[in-house]
Amino acid sequence: MPKNNQEKEKTETKRNIKDSVFTTLFADPDYTLRMYKEMHPEDTEIQKSDINIVTLKNVFVKDHFNDLGFMIKQKLIVLVEAQSTFSVKIALRFFIYLADSYERFIRDHDLNVYSSSKSFGIDIFGEKVKYLPAPELYVIYTGKEDVPDEIDFADLYESEIKPVSIKIKVIKSSGTDTITGQYIRFCVIADEERIRYGEDHKAAVQSVIQRCKQEYILEEFIRIHESEVRRMLGEIFSEEYANEVMLRGKERERLYELNEAEKRGIERGEKRGIELGEKKAVIEMVKTMIKNNAGVEEISRFTGITVEEIRKIAE
């Protein structure tokens, strides 16, 4: 298989696993609508038809993807990423997601960004476009660390001058009465059962499904997509277990190398100690022979030390 095809296949595999339950769940407009209503309870007029999914499908910045993107009435663009690990570098990814989303919005609407007019012009739908959709950025955090409620792209700058500020709200566990809360709880259950069952992925998957049903977590979604959820969980557990085995192997290699290095250090130390001890004994012998009026040449022949060294000892 050509190298570029192998890389493409590897990237697609990573993407399929990364997609997992989150993007499958929120690819359904009903669940996207629920998420938006949780974010904007004041918007009582929103309809499912007002939502346009704009999740980025192309690959950029290695294998990074935007997990979920949707547009509300061409006025609001919401980008969401699910993360179990936390880093302020998430802000940089959102910056790239947002720039790419705006570029696509401008291209799809055939807007003129070089015109001196106050508006971008008339789009392909015959409507005058004066503003870009306002961005709202969210991270749904499923990990265990104590993380801030908000991160800012400006935090990536070392200088005190912050020319660009893009704020990302962090959504954390807040009960299971919301769709995002249920998703976070689902991830917690999945992590607990994967650790509990280890390499028995089939038992882990079964336990996750059973616990979710008992706790009414993503109940309707799992009922409709149970076979797909089982498959995705199996893939995720297999990959995470393989990564853990690999990391444990690397840790064993590191400890072995440290142990061998320590042994070599001890051996070298012992050898050096013996050498120093022997040299000290010889010097004492030279001093004793000098006190007994032995000649320099005689001492040199007896000890193997040079005449110059014996004279230095005698000084």
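**Salt bridges and a helix contact in the predicted model**

Glu-103 has a relative accessible area of 41% and is therefore partly exposed. In this predicted model, the side chain of Glu-103 forms a salt bridge with that of Arg-107, with an N to O distance of 2.6 Å. Arg-107 is likewise assigned as partly exposed, at 48% relative accessibility. The two residues lie 4 residues apart in helix 3, so that about one helical turn separates Glu-103 from Arg-107.

Helix 3 also takes part in a salt bridge with a strand. The side chains of Glu-81 and Arg-93 meet at 2.4 Å, N to O. Because Glu-81 belongs to strand 3 (residues 76-83) and Arg-93 to helix 3 (residues 90-108), this pair ties together parts that are 12 residues apart in sequence. Both Glu-81 and Arg-93 are buried, whereas Glu-103 and Arg-107 are partly exposed. In total, 15 salt bridges are counted in the model. Side chains of opposite charge can pair when their charged atoms come close.

A further salt bridge is found in helix 4, where the side chains of Arg-196 and Glu-193 meet with an N to O distance of 3.2 Å. These partners are 3 residues apart in helix 4, and about one helical turn therefore lies between Arg-196 and Glu-193. Their accessibilities fall into separate classes: Arg-196, at 57% relative accessibility, counts as exposed, while Glu-193, at 3%, counts as buried. The pair belongs to a network in which salt bridges with shared partners join Arg-185, Glu-192, Glu-193, Arg-196, Arg-211 and Glu-215.

Helix 4 (residues 179-197) is also in contact with helix 2 (residues 29-39); the axes of the two helices come within 8 Å and cross at roughly 110 degrees. Helix 2 is therefore roughly perpendicular to helix 4, since angles of 65 to 115 degrees fall in that class. On the side of helix 2, the contact involves Tyr-31, Arg-34, Met-35 and Glu-38. These residues meet Ile-179, Thr-180 and Gln-182 of helix 4. By residue class, the contact of helix 2 with helix 4 comprises 3 nonpolar, 2 polar and 2 charged residues.

How values were computed
Residues are numbered from 1 along each chain as its sequence is written. This is a predicted model: local features need pLDDT of at least 70, side-chain atom pairs count only at pLDDT 80 or more; totals for chains, interfaces and linings use all residues. Side-chain values use heavy atoms; hydrogens and water are left out. Axes are lines fitted to C-alpha atoms, for helices over the stretch in contact, and angles run from 0 to 180 degrees between N-to-C directions. Angles under 35 degrees count as roughly parallel, over 145 as roughly antiparallel, 65 to 115 as roughly perpendicular and the rest as oblique. Contact means heavy atoms within 4.5 Å. Ala, Val, Leu, Ile, Met, Phe, Trp, Tyr, Cys and Pro count as nonpolar, Asp, Glu, Lys and Arg as charged, and the others, Gly among them, as polar. A salt bridge is a side-chain nitrogen of Lys or Arg within 4 Å of a carboxyl oxygen of Asp or Glu. Buried means under 20% relative accessible area, exposed over 50%, partly exposed in between (1.4 Å probe, protein chains only).
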